[in-house]
Amino acid sequence: MSIRCDSHVHVVGAVERYPQVVNRTYLAGVASLDDLERLAAARNISRFVIVQPSFYGTDNSLLLETLDRLGDRGRGVAVVDQTVSSDVLADFHRRGVRGLRINLYTPLGAKAPLDVRFKASEAQARAPNWHVEVIAPLAMIAENVAMLAAAEVPVVIDHYGLYAGFTPAQSEGRALLDLLRMPHVWIKLSAPYRSSKDALATRPDLGWLAAILSTAADRCVWGSDWPHTPVHAAHAGGAVISPYRTLNYDNIVDDFVASVGSAELSERIMSDNPARLYEFTGS
């Protein structure tokens with residue numbers, strides 16, 4: 001059996017050891033690798049892509065420590081600034097980082113426009129052959145399609161492209177699908193609740209899922225978005241722990257597989273595709 005990968009998770013440590021940025025909009029509670037592995041094991045998932053959350057800013061310490069623990073079962077997507085040295089990036093690569101993240105979605109997301117941020121990250125990602133992961137609302141992605149289509153590094157679009165409020169047939173939807181036809185562009189099938197009126201939704205819009213799969217099935221990867229950060233409206237200030245969404249990991253996996261409707265295709269999305277994108281080795 002192929003090794004399944006959860007391609008979008010966050011790990012959070014005790015704030016006393018891993019401080020969160022001072023301008024955070026909520027205090028994130030502990031979400032440990034041990035808990036994640038225990039939950040994922042029930043669905044035969046043992047590979048993980050650790051994504052730097054916004055509340056850690058450019059301090060990737062916990063991400064790197066987690067990758068050290070996972071070894072070849074782990075890969076990372078980091079956040080850096082423009083002062084980071086090539087030696088630091090080389091160390092990140094050795095420890096499992098394979099991408100840089102640009103966040104223009106959360107309250108702590110970057111204030112600079114996507115094109116400015118992307119060009120800077122693209123330059124940093126080119127030498128190690130990393131990808132640039134973009135979390136941004138669909139309208140913003142659509143406005144920057146030409147730039148993303150011309151990228152010289154792989155591009156990964158977060159969370160179904162955050163399609164809330166749009167259909168695949170609208171101009172913004174068509175723009176995303178056109179972008180996904182490009183051989184260097186990937187998309188994460190993760191966190192359907194971020195595009196739903198239901199903050200606990202575990203199934204994507206079936207029209208969107210079908211459109212994406214018919215366009216780029218070989219460049220889709222699945223992620224749980226564990227531990228399911230709270231909706232923006234629930235952020236209660238930097239001194240208050242806002243509870244994570246109460247979602248069942250098994251249900252997230254099962255509902256995704258059921259939505260795809262093909263065991264063979266869902267296994268490709270959960271196993272084969274992430275092995276190619278993140279350079280996992282072994283079967």
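Biologist: What makes strand β8 (residues 185-190) and β9 a pair, and how many bridges join them?

Modeller: Two strands pair if DSSP finds at least two bridges between them, and here 4 bridges join β8 to β9, which run parallel, so the definition is met. Strands (E, at least two residues) and helices (H or I, at least four) are DSSP runs, numbered from the N terminus. Within this pairing, Lys-188 stands opposite Val-221 in β9. This is a predicted model, in which local features need pLDDT of at least 70 and side-chain atom pairs count only at pLDDT 80 or more, whereas totals for chains, interfaces and linings use all residues. Residues are numbered from 1 along each chain as its sequence is written, and side-chain values use heavy atoms, with hydrogens and water left out.

Biologist: Why is the β-α-β crossover from β8 to β9 called right-handed or left-handed?

Modeller: The chain crosses from β8 through helix α8 (residues 206-216) to β9, and this crossover is right-handed, a term that applies if, with the strands pointing away from the viewer, the path from the first strand over the helix to the second runs clockwise.

Biologist: What makes the pair of Tyr-26 and Phe-55 edge-to-face?

Modeller: Rings of Phe, Tyr and Trp (its six-membered ring) pair if their centres lie within 6.5 Å, and planes under 30 degrees apart count as stacked, over 60 as edge-to-face and the rest as tilted. The rings of Tyr-26 and Phe-55 are 6.0 Å apart centre to centre with 80° between the planes, which makes the pair edge-to-face. Because Tyr-26 lies in strand β2 (residues 26-27) and Phe-55 in the loop between β3 (45-51) and α2 (61-70), the pair ties together parts that are 29 residues apart in sequence.

Biologist: How do you know whether Tyr-26 is buried or exposed, and what of Phe-55?

Modeller: Buried means under 20% relative accessible area, exposed over 50% and partly exposed in between (1.4 Å probe, protein chains only). Tyr-26 has a relative accessible area of 6% and is therefore buried, and Phe-55, with 3%, is buried as well.

Biologist: How do you know that the span of helix α9 (residues 249-260) is close to the expected one?

Modeller: The expected span is 1.5 Å times one less than the number of residues; α9 has 12 residues and reaches 17 Å from its first C-alpha to its last, close to the 16 Å expected. Among the buried residues of α9 are Tyr-249, Ile-252 and Phe-256. Just after α9, Gly-261 takes a positive phi of about 80°.
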